[in-house]
Amino acid sequence: MLPDKYGKFDGFGGKFVPETLMVALQELEREYKKALKSTKFKQELGELLEVYAGRPTPLYFARNLSKQTGGCRIYLKREDLLHTGAHKINNTLGQVLLAVKMGKSRIIAETGAGQHGVATATAAAMFGLPCDVYMGIEDIGRQALNVFKMKLLGARVIPVYSGSKTLKDATNEAIRDWVTNVRTTHYIIGSVVGPHPYPAMVRDFQTVIGKETKKQILKYEGRLPDYMVACVGGGSNSIGFFHEFFKSKVKFIGVEAGGLGLASGKHGAALCKGKPGILHGSKSYLLQDKNGQVTVAHSISAGLDYPGVGPEHSYYKETGRAQYVAVTDKESLEGFKMLSEIEGIIPALEPSHAIYYAVKKLAPKLKKNKIIAICLSGRGDKDIDIIKGLS
Amino acid sequence: MNRLDRKFNELKQKRKKAFVAFIMAGDPSLGTTKKLILELEKSGADIIELGVPFSDPLADGPTIQRSSERALKHKVNIDSVSNLVRNVRSETDVPIVFLTYYNLIYHYGLDKFVKKATSSGVDGVIIPDLPPEESKDLQRIARKNKFSLIHLAAPTSSRERLRKISDASTGFIYYVSLTGTTGARNKLPKEISGSLRRLKRVTKKPVCVGFGISTPNQVRSISKSADGVIVGSAIIKVIERNIGKKDLVKKVGRFVQCLALDRPVQG
Ligand SMILES: Cc1ncc(COP(=O)(O)O)c(C=O)c1O
């Protein structure tokens, strides 16, 4: 199973980091491999996920949405119902547990939408660890509610003014902090990005999404879905959703941020429009200019506003295991409204991209009785201000 | 043997230590960079480390980040910096190594990069986000072209890793003095000389120390246990303070003289 011992997914991934961090990555890999085998660790994490985070989450048959498509059966995996409002908590609980086992006394994280920041601050609060979260000043403006929540949870939110002023530069700052405080600090990366072992580790913590989905869909339908659709920022909710079905015939569709349109150059669609490159410790598809300078991404949803993507997705793309498409800001708002109005579920803007694609682009082309499962990765509370500002 | 190896041999014979000066190509302009290279050599720099700016310099502190941003405004890239070196080669033989991040080189093409750099008179490269595990291809190409590939060693590196780093490095080994990013520091960790002894036990290659070094005292004391010292942010701060002023180049020269001259002779 990939990644190989170098942390590569058929050439993508690896460890492209300053030497200072190499020892920390080795330690993390050791601890995480031990944890994977430890029944005690799995029990502890399983219990936290159940009684603290609220797992399992329902797989909801969206009757009204299905009706709109004229024959497809659409299911929503309700990660929006989790504690803190998104799938991010699956990963942060796992990583904080690991940090405690490694004897680390401080937690840091980067955040875009603030969902990962809130999920990290939550887990750190519960384990009594101090927590610093790096966040681009632009995201601090557009996700004010989550900034306030992080502070309530006792975390420090450190504004990042450099470069894009969004997730990319927040990640740079978090890595710089980690290089400086590597002996005492664990860095909780929020997606399946970064140097090995992060992409594999975060994936493993997120596969609970797909494992539950499999059981649930078999119970309701007696078979696997035909399509699985999820939004792709760094790629953690999508990989977590897909991975359990890797060997099946289920078709995977990853939906990237189309921003103002792929032709505009203002988007976050690394897989659709990027080229392989190296950012934040791994080799993967990357938005860059003709000189290899990383370009600034754009998306209405802070969580998809990132020029890179996890290396396992690059592998899925190269091998054709998944198809990657893009949905624009405007279309995602349509997805947002649709789900709110006809299903009574207010989604985050990130999964609104996946909703739009599945219902408006995919379903109309399909024969009757096809099953589409969508990962509803988070709820929309954090985006209400953006929506209010638009109307 | 390239200019870098010859320089270390020469310094060794004279029982002297290397002073390595880092500046960012294109900050504040490529024209000034050329003048700075010549001035730095005159002021006592034995080796010039020339930054090729990258959008995401994650091993760098605020000073070099700002310097990269200024240089990127002029769209400086591998080609233009290589051409600058070719241009300055008619006036100096001072060893010049690039410092840049891996994506720029990967994107340019490894083979094409080494050929472009060597044919322009660049002697080697330092890539802070490329550990030896990931540098195998570049090592092979660099060796074939007598182009030095300088790896970094850190205070956290195990003995086993120090060996790996030494094996992979040509030219010299860059010892990072502290756990952190680049940037001038008033105080440096006390363990440096101990760590250097640990590194010296596994390598015969020259070792230069960088990160944080900013005062003549620090240069003197670290020169005692290393083969060279590298100063970057402190020089760039002088550049930053003098942007737009006529005597920028002279001021930088004077600052480097204070740091570079008056270093102890080995032994
Ligand atoms: C609700 C939600 N969905 C998706 C994402 C995108 O991340 P990923 O692709 O890692 O799932 C985010 C990121 O902040 C998010 O908050």
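**Figure 1. Chain B holds twelve helices and nine strands.** The model shown here is predicted. Along the principal axes, the C-alpha atoms of chain B fill a box of roughly 45 × 40 × 35 Å. A compact globule of 267 residues would have a radius of gyration near 18 Å, and chain B has 17 Å, so the chain agrees with that expectation.

**Figure 2. The ligand sits in the largest cavity.** A shell of 19 residues surrounds the ligand. The closest are Ser191(A), Gly233(A), Gly235(A), Ser236(A) and Ser377(A). By residue type, the shell divides into six nonpolar, eleven polar and two charged residues.

**Figure 3. Side chains of Ser191(A) and His87(A) approach oxygen atoms of the ligand.** In the side chain of Ser191(A), an N or O atom is 2.5 Å from an oxygen atom of the ligand. For His87(A), a side-chain N or O atom is 3.0 Å from an oxygen atom of the ligand. Both distances are within 3.5 Å, the cut-off for a polar contact, so each pair counts as one.

**Figure 4. Gly233(A) meets the ligand through its backbone.** Here a backbone N or O atom of Gly233(A) lies 2.7 Å from an oxygen atom of the ligand. How much of the ligand does the protein bury? Taken alone, the ligand exposes 400 Å², and the protein buries 97% of that. Gly233(A) is also one of the closest residues in the shell around the ligand.

Terms used:
Residues numbered from 1 in each chain as written. Chains lettered and ligands numbered in written order. Predicted model: local features only at pLDDT ≥ 70, side-chain atom pairs only at ≥ 80, totals over all residues. Heavy atoms only, no water. Near = heavy atom within 4 Å. Polar contact = N/O pair within 3.5 Å; in protein donor to acceptor, adjacent residues only side chain to side chain. Areas by Shrake-Rupley, 256 points an atom, 1.4 Å probe, with all protein chains shown as cover. 1 Å grid on protein atoms, 1.4 Å probe; cavity = no way out; pocket = protein on both sides within 12 Å on 5 of 7 lines; lining within 4 Å. Sits in = over half its atoms within 2 Å of the grid points. Nonpolar A, V, L, I, M, F, W, Y, C, P; charged D, E, K, R; others polar. Helix = DSSP H or I, 4+ residues; strand = E, 2+ residues; numbered from the N terminus. Rg over C-alpha atoms; globule rule 2.2 N^0.38 Å.
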